[in-house]
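Dear colleague,

I am passing on the structure we spoke about, together with my notes on it. Please look through the model first and then read on.

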Amino acid sequence: MDKNKTYELLLKQVESLIEGEDNSVGQLANAAAILHETMGWWWTGFYMVKNDELQLGPFQGPVACYRIKRGRGVCGTAWDQDRTIVVPDVEQFPGHIACSSMSRSEIVVPLHDCQGAVAGVLDIDSKELATFDDVDAHWLEQVCRVIERHVGLSTQ
Ligand code: SME
């Protein structure tokens, strides 16, 4: 199936999975699960802002590091700069944090609270080089907008 069509469907599935719930851990866990299962990525999950650092949230895939400082790695940079970062080759990203030596490419998309502050990030890793492009960035940003609408996000 065309990547745009797959994401269009996925966006609707994410929304119907998480709407009407008030358990944010469960909602993020199910969002990670449907993204991961559908797309076959290596690692799919969330890091959430807490005590001025990113802390590991719900995810699917191999074990990962618990904490990331602001400005560190791809996740900490996406948080600090409040923008989506597409990394075609993680070895070319200065300061990349290798939770898994199998990761080759990565995308990180910020999530915001209702005041517009970054409340966390959606982080996705692939075992192949250059898995993610502008199409992925566009749709994963839409996924994050849906999550922001339905999940109670706060920076603590
Ligand atoms: N590679 C990330 C760290 C998190 S793991 O990919 C799950 C980074 O550089 O921020």
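What pattern does the chain follow when it is read along the sequence? Before the answer, please keep in mind that this is a predicted model. The pattern is α-α-β-β-β-α-β-β-β-α, which comprises 4 helices and 6 strands.

Overall form

For a chain of 156 residues a compact globule would have a radius of gyration near 15 Å, and the 14 Å found here agrees with that. The C-alpha trace spans about 40 × 40 × 25 Å along its principal axes, and 47% of the residues count as buried. Among contacts with a separation of 6 or more, 55% are made by residues 24 or more positions apart. The chain exposes about 7800 Å², of which carbon and sulfur atoms supply 48%. As for charge, there are 13 positive and 23 negative charges, and their mean positions are 3 Å apart.

The nonpolar cores

The largest nonpolar core has 29 residues, and those with the most contacts inside it are Val 14, Leu 35, Phe 46, Leu 122, Leu 140 and Ile 147. Two or more residues each are given to this core by helices H1 (3-18), H2 (24-39) and H4 (134-150), and likewise by strands E1 (43-50), E5 (105-112) and E6 (118-126). The most comes from H4, with 7 residues. Leu 140 shows how this core is put together: leaving aside its neighbours within four places in sequence, Leu 140 is in contact with Tyr 7, Leu 35, Trp 41, Ile 107, Val 109, Leu 122 and Ile 124. Apart from this core lies another, of 17 residues, which includes Trp 43, Ala 64, Val 108 and Val 121.

Helix H3

Helix H3 (residues 73-81) deserves a separate look. Of its 9 residues 7 are buried, so H3 is largely enclosed by the rest of the structure. The buried residues are Gly 73, Val 74, Cys 75, Gly 76, Thr 77, Ala 78 and Trp 79, and what covers them includes strands E1, E2 (53-60), E3 (67-68), E4 (85-87), E5 and E6.

Loops and backbone

Two residues caught my attention for their backbone angles. Asp 82, which comes just after H3, has a positive phi of about 45° although it is not a glycine. Asp 82 belongs to the loop between H3 and E4 and, at 37% relative accessibility, counts as partly exposed. Asn 51, in the loop between E1 and E2, is likewise not a glycine and yet has a positive phi of about 50°; with a relative accessible area of 57%, Asn 51 is exposed.

A further loop, between H2 and E1, holds Gly 40, which counts as exposed at 60% relative accessibility. The C-alpha atom of Gly 40 is separated by 20 Å from that of Ile 85, a residue 45 positions away along the chain.

If you wish to start from one place, I would suggest Leu 140, with its contacts to residues that include Tyr 7, Leu 35 and Ile 124, and after that the buried residues of H3, among them Cys 75 and Trp 79.

With best wishes

Terms used. Residues are numbered from 1 along each chain as its sequence is written. This is a predicted model: local features need pLDDT of at least 70, side-chain atom pairs count only at pLDDT 80 or more; totals for chains, interfaces and linings use all residues. Side-chain values use heavy atoms; hydrogens and water are left out. The radius of gyration is taken over C-alpha atoms; the globule rule is 2.2 Å times the number of residues to the power 0.38. Buried means under 20% relative accessible area, exposed over 50%, partly exposed in between (1.4 Å probe, protein chains only). Contact means heavy atoms within 4.5 Å. Accessible areas come from the Shrake-Rupley method with a 1.4 Å probe; for residues, only the protein chains shown count as cover. Lys and Arg count as positive and Asp and Glu as negative; His and the chain ends are not counted. The place of a charge is taken as NZ of Lys, CZ of Arg, CG of Asp or CD of Glu. A nonpolar core is a set of buried Ala, Val, Leu, Ile, Met, Phe, Trp, Tyr and Cys residues joined through side-chain atoms within 4.5 Å.
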